[in-house]
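This briefing is intended for a reader meeting the structure for the first time. Please keep the sequence and the model in view while reading.

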Amino acid sequence: NITVRGLMGMASFTEDEAQVRSEFDSLKVLFGQCQQEISNDTVVFDQISMGMSGDYKIALVAGSTMVRIGSLLFGAR
């Protein structure tokens, strides 16, 4: 009874924001392709989880519906 609702991806661990943006944009394109093929009247494919504490702002601009920001919440550095 597992329902796959979307994709999750992490960008490379780099300070290069252009690379991170490019990787998130590529995942967003793949998500759109999967969404067209998978979604129907009974299957909902609507989640794309991208971004962590260091790059969540870029991920949100790229279209992320879910981010993982544990370090920001719990102060881990």
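The points below move from the overall fold to one helix and then to three serines.

The model is predicted, and its mean pLDDT is 93. The protein contains three helices and three strands, which follow one another along the sequence in the pattern β-α-β-α-β-α.

**Overall form and confidence**

- Taken along the principal axes, the C-alpha atoms fill a box of roughly 45 × 25 × 15 Å.
- The protein has 77 residues, of which 23% are buried.
- About 5600 Å² of surface is exposed, and carbon and sulfur atoms supply 56% of that area.
- Of the contacts between residues at least 6 apart in sequence, 40% join residues at least 24 apart.
- A pLDDT of 70 or more is reached by 97% of the residues.
- Among the elements, α2 has the highest mean pLDDT, at 97, while helix α3 (residues 70-74) has the lowest, at 86.

**Helix α1**

- Helix α1 comprises the 22 residues from 17 to 38; at 1.5 Å a residue these should span 32 Å, and the distance of 31 Å between the end C-alpha atoms agrees with that expectation.
- Five residues of α1 are buried, namely Val20, Phe24, Leu27, Phe31 and Cys34.
- Viewed down the axis of α1, these buried residues fall within an arc of 80°, and they therefore line one face of the helix.
- In general, an α-helix has 3.6 residues a turn, so residues three or four places apart point the same way.
- The buried residues of α1 pack against three elements: β1 (6-9), β2 (47-52) and α2 (56-62).
- Gln36 and Glu37, by contrast, are exposed on the other side of α1.
- At the start of α1, a side-chain oxygen of Asp16 comes to within 3.1 Å of the backbone nitrogen of Ala18.

**Ser22, in helix α1**

- Ser22 is placed in helix α1.
- Because its relative accessible area is 41%, Ser22 counts as partly exposed.
- Ser22 and Gln47 are separated by 25 residues in sequence, and their C-alpha atoms are 19 Å apart in space.

**Ser49, in strand β2**

- Ser49 belongs to strand β2, one of the elements against which the buried residues of α1 pack.
- With a relative accessible area of 8%, Ser49 lies under the 20% cut-off and is therefore buried.
- The side chain of Ser49 is joined to that of Arg68 by a polar contact of 2.5 Å.
- Leaving aside neighbours within four places in sequence, Ser49 is in contact with Leu7, Met8, Gly9, Ser64, Met66 and Arg68.

**Ser53, between β2 and α2**

- Ser53 is located in the loop that runs between β2 and α2.
- The relative accessible area of Ser53 is 17%, which is under 20%, so this residue is also buried.
- A polar atom of the Ser53 side chain lies 3.3 Å from the backbone nitrogen of Ser71.
- A polar atom of the Ser53 side chain also lies 3.2 Å from the backbone nitrogen of Leu72.
- Not counting residues up to four places away in sequence, Ser53 touches Arg68, Ile69, Gly70, Ser71 and Leu72.
- Arg68 is thus listed among the contacts of Ser49 and among those of Ser53.

Notes
Residues are numbered from 1 along each chain as its sequence is written. Side-chain values use heavy atoms; hydrogens and water are left out. Helices (H or I, at least four residues) and strands (E, at least two) are DSSP runs, numbered from the N terminus. The expected span of a helix is 1.5 Å times one less than its number of residues. Buried means under 20% relative accessible area, exposed over 50%, partly exposed in between (1.4 Å probe, protein chains only). The arc is that of the directions from the helix axis to the C-beta atoms. Contact means heavy atoms within 4.5 Å. A polar contact is a pair of N or O atoms within 3.5 Å; within protein, one must be able to donate a hydrogen and the other to accept it, and residues adjacent in sequence count only if both atoms are side-chain atoms. Accessible areas come from the Shrake-Rupley method with a 1.4 Å probe; for residues, only the protein chains shown count as cover. pLDDT is the predictor's confidence in each residue, from 0 to 100.
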